[in-house]
Each structure stands twice: as C-alpha cells, then as structure tokens.
Amino acid sequence: MTISQKELKKSKDLVEKLLKVNGNKYNDWLHQQHQQFIEENQDLILQALSAFTGQEEKEEKSESKVNEQVSVRPQSIPVTQN
C-alpha cells in the first residue's frame, strides 16, 4: 500500500492534534512507537545480528587460515653489475 505525502501529512496532523489535546507530544509518542516496534521485533533483530556476526567470524577464520598457509619468505635479489 502506497501512501501519498498528502495522506501522510493529514494523518500526522490529526495525530498531533489528538495527542496535544491529551497533553502528549508527537515526538515522544513517535519515539514510543519506534521502541515498541523494536521490542516486538527483537527476536528478528537478534537473529540478524547473530547471522551477521557469525558471517564475520567465518570470514575472519578463513582469512587467518589463508594467512597461515601463505608464508612470506624473503628472497634474495640477484645484483647485476653493468
């Protein structure tokens, strides 16, 4: 569902007025809505973070394995005289 800017502004203005009548501020209410949404989706957030950190750990282990396999040995460079 796509909401036009005009519809969004109309809804926001109405909510702001209703909140003001009840002695509440729109930004406080909006922040509360954000917090509630985050709390309701906390399991999803934790799963995503676990997957992300698990992926990072795999990449780090893979990189360290490659670094262990590739050894850097100094090589002598032949010196030529002209």
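User: Happy to look at this one with you! To start, what counts as a salt bridge, and which side chains meet in one here?

Analyst: A salt bridge is a side-chain nitrogen of Lys or Arg within 4 Å of a carboxyl oxygen of Asp or Glu. In this predicted model, a search of the whole structure finds one such contact. At 3.0 Å, N to O, the side chains that meet are those of Asp 13 and Lys 9.

User: Nice. In which helix do Asp 13 and Lys 9 lie?

Analyst: The two residues are four apart, about one turn of the helix. Asp 13 is partly exposed at 26% relative accessible area, while Lys 9 is exposed at 51%. Both lie in helix α1 (residues 5-21).

User: Let's turn to the surface. Which helix gives the most to the nonpolar patch?

Analyst: The patch is formed by Ile 38, Ile 45, Leu 46 and Leu 49, with about 340 Å² of accessible area together. Ile 38 is found in helix α2 (residues 26-40). Three residues come from the helix that gives the most, α3 (residues 42-69).

User: Is Ile 38 buried, partly exposed or exposed, and why?

Analyst: Its relative accessibility is 41%. Buried means under 20% and exposed over 50%, so Ile 38 falls in between and counts as partly exposed.

User: And for the whole protein chain, what percentage of the residues is buried?

Analyst: The chain has three helices and zero strands, in the pattern α-α-α along the sequence. It exposes about 8500 Å², with carbon and sulfur atoms supplying 54% of that area. Of the 82 residues, the buried ones make up 2%.

Technical notes. Residues are numbered from 1 along each chain as its sequence is written. This is a predicted model: local features need pLDDT of at least 70, side-chain atom pairs count only at pLDDT 80 or more; totals for chains, interfaces and linings use all residues. Side-chain values use heavy atoms; hydrogens and water are left out. Buried means under 20% relative accessible area, exposed over 50%, partly exposed in between (1.4 Å probe, protein chains only). Patches are made of residues with over 30% relative accessible area and no salt bridge: like charges are joined within 9 Å, nonpolar side chains (Val, Leu, Ile, Met, Phe, Trp, Tyr) within 5 Å. Accessible areas come from the Shrake-Rupley method with a 1.4 Å probe; for residues, only the protein chains shown count as cover.
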